[in-house]
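Please walk through this model with me, from the chain as a whole down to single residues. The aim is to see how its elements pair and pack.

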Amino acid sequence: LGYRVKHVINVTDVGHLTSDADTGEDKLERAARQAQRSAWDVAAEYTRLYLRDLERLHIDPPDVLPRATAHIAEQIALIERLAARGFTYRTDDGIYFDTGRFPDYGRLARLKVEGLQSGARVEMGGKRHKTDFALWKFSPPDARRQMEWDSPWGRGFPGWHIECSAMSMAYLGEQFDIHTGGSDHIPVHHTNEIAQSEAATGHPFVRTWLHGEHLVLGEDTRMGKSEGNMLTLQALIEQGYKPLEYRYLVLNTHYRKYLNFSFAALDAAREALKGLRQLLKDSAVGRPSPPWEEPQVPEAGPCKDVLEALCDDLNTPRALATLWTTFRDKSISSDTKQELANFADRVLSLDLFDYRASGLEHNIVDATGSSLVYPSDTQQDVIALAEERIAARAHRDFAESDRIRERLLALGWSMQDSKHGYTLVKAR
């Protein structure tokens, strides 16, 4: 739509305690102890896996990926601003934010703070109010942490909430347009971000909040590490599923609604994505040349329908429905279908021109014969060339097929044909 977007994803690699109530131990320190590794190594490993899965799912990487451990000075400075304005106090275990001094506390979650304060018992420690939260935690006197720093209040580490405000402000300014996150962040994390940010600056923090609903298993059972039922993308791949099949499953449910995961639903998503690609193939729609040409904002037709669906609170299910309606309609020209597929792939990124779904088997291996993960370990232009060569052979254009084979060899790949597909072999 012409907006210039700067996207920041915070890596909170310290200070994320096992309880939102600022109790328990640091999750990263615990994971490092269990793995008998350094906390720094564990943080780096999970960040690498996260970025790998973003790539596999065709999610654009952020412009900035700041780590909390690299922004301690910014966090200390923000706490000092809050202290100067009278919003902090000290307890035996840290520096806390006084929610009683922030009259608008809880507005995002529509919290009735008075009811919270007089409700169920809670471990208050030295807290003045149940809703007060830690800005800086002191290191335990009887144990040495792997991640701790000196501060004006003593040696310790930052709280989870202050990290996000400090890093967001460092790269987006004291007020920015869109803040996203899971719906579980509304009552605590995002509520606390608003309180500390606006208390420090004196003006509104975020203009628009977008919250994704949970992925659940069965009867409203949330999936997550703390629930002990975590299913990773890698686990799906090892069971034979493609990352984009999972992406289709996600896009077919509105982000504000619960996504009830099951392998039956994933199988249905696999068949649906295969069906969309088959409809394009049957309509003699080929990959546009050059691929990924930036389309103009459409003024009419099915491309405009997809755009309007996405502009309507990211209504991805409606956008997918437009693809089905258009690709099935035999009265619509292949040029219009190609234009729609190219436009949709700019945002939905489902590789609609990937006709492997029509039944061709493919393997991608290294010189030793060991399988490589598709697509992150294989260059996308190599995959595209292989598919172009298959198409050339199907049209009996053997001269073009030979030319593509030579291009693959120049890139360090050999292509071995078989009755049911092909194998790409990476040179040593």
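The chain exposes about 22,700 Å² of surface, of which carbon and sulfur atoms supply 49%. These values, like the others here, are computed from a predicted model. Of the 428 residues in the chain, 45% count as buried. The chain holds 14 helices and twelve strands. Its contacts often span long stretches of sequence: among those between residues at least 6 apart, 69% join residues at least 24 apart.

One part to look at is an open sheet. Four strands form it, in the order E1-E2-E3-E4, and the pairing is antiparallel. Strand E1 (88-90) and strand E4 (156-158) lie at the edges, each pairing on one side only. From one strand to the next, the twist averages 25°.

The sheet can be followed strand by strand. E1 and E2 form a hairpin, with three residues between them. Three bridges join this antiparallel pair, and Arg90 stands opposite Ile95 in E2. E2 is paired in turn with E3, again in the antiparallel sense, over four bridges. Across this pairing, Ile95 stands opposite Trp136 in E3, while Tyr96 stands opposite Ala134 in E3. Ile95 is thus placed opposite Arg90 and also opposite Trp136. In general, the side chains of a regular strand alternate between the two faces of the sheet.

Strand E3 (residues 133-138) then runs antiparallel to E4, and three bridges join the two. Here Lys137 stands opposite Phe157 in E4. Helix H3 (residues 72-84) packs on the sheet, where it touches E1, strand E2 (94-97), E3 and E4. The direction of H3 makes about 120° with that of E3. How much of E3 is covered? Six of its six residues are buried, and E3 is mostly covered.

A second arrangement of strands uses the parallel sense. Strand E5 (residues 176-182) pairs with strand E6 (residues 206-212) in this way, over six bridges. Within the pair, His179 has Trp209 in E6 as its bridge partner. Between these strands in the unit comes helix H6 (residues 186-201): E5, H6 and E6 make a right-handed β-α-β unit. In general, the strands of a sheet pair through backbone hydrogen bonds, either parallel or antiparallel.

Helices also pack on each other. Helix H1 (residues 27-35) and helix H2 (residues 39-56) pack at an angle of about 100°, and their axes are 8 Å apart. H1 is therefore roughly perpendicular to H2, since angles of 65 to 115 degrees count as such. Leu28, Ala31 and Ala32 of H1 make the contact, together with Ala39, Val42 and Ala43 of H2.

Two residues from other helices show how sequence separation compares with distance in space. Thr326 is found in helix H11 (residues 316-328). Is Thr326 buried or exposed? Its relative accessibility is 5%, so Thr326 counts as buried, the cut-off for burial being under 20%. Pro302 is 24 residues away from Thr326 along the chain, yet their C-alpha atoms are separated by 7.1 Å. Which residues does Thr326 contact, leaving aside its neighbours within four places in sequence? They are Pro302, Ile332, Lys337 and Leu340. Pro302 therefore appears both in the C-alpha distance and among the contacts of Thr326, for which the criterion is heavy atoms within 4.5 Å.

The other residue, Ile390, has its place in helix H13 (residues 380-394). With a relative accessible area of 17%, Ile390 is buried, because the category takes in values under 20%. Ser401 lies eleven residues from Ile390 in sequence, and the two are 7.6 Å apart in space, C-alpha to C-alpha.

Notes
Residues are numbered from 1 along each chain as its sequence is written. This is a predicted model: local features need pLDDT of at least 70, side-chain atom pairs count only at pLDDT 80 or more; totals for chains, interfaces and linings use all residues. Side-chain values use heavy atoms; hydrogens and water are left out. Two strands pair if DSSP finds at least two bridges between them. A crossover is right-handed if, with the strands pointing away from the viewer, the path from the first strand over the helix to the second runs clockwise. Buried means under 20% relative accessible area, exposed over 50%, partly exposed in between (1.4 Å probe, protein chains only). Accessible areas come from the Shrake-Rupley method with a 1.4 Å probe; for residues, only the protein chains shown count as cover. Axes are lines fitted to C-alpha atoms, for helices over the stretch in contact, and angles run from 0 to 180 degrees between N-to-C directions. Angles under 35 degrees count as roughly parallel, over 145 as roughly antiparallel, 65 to 115 as roughly perpendicular and the rest as oblique.
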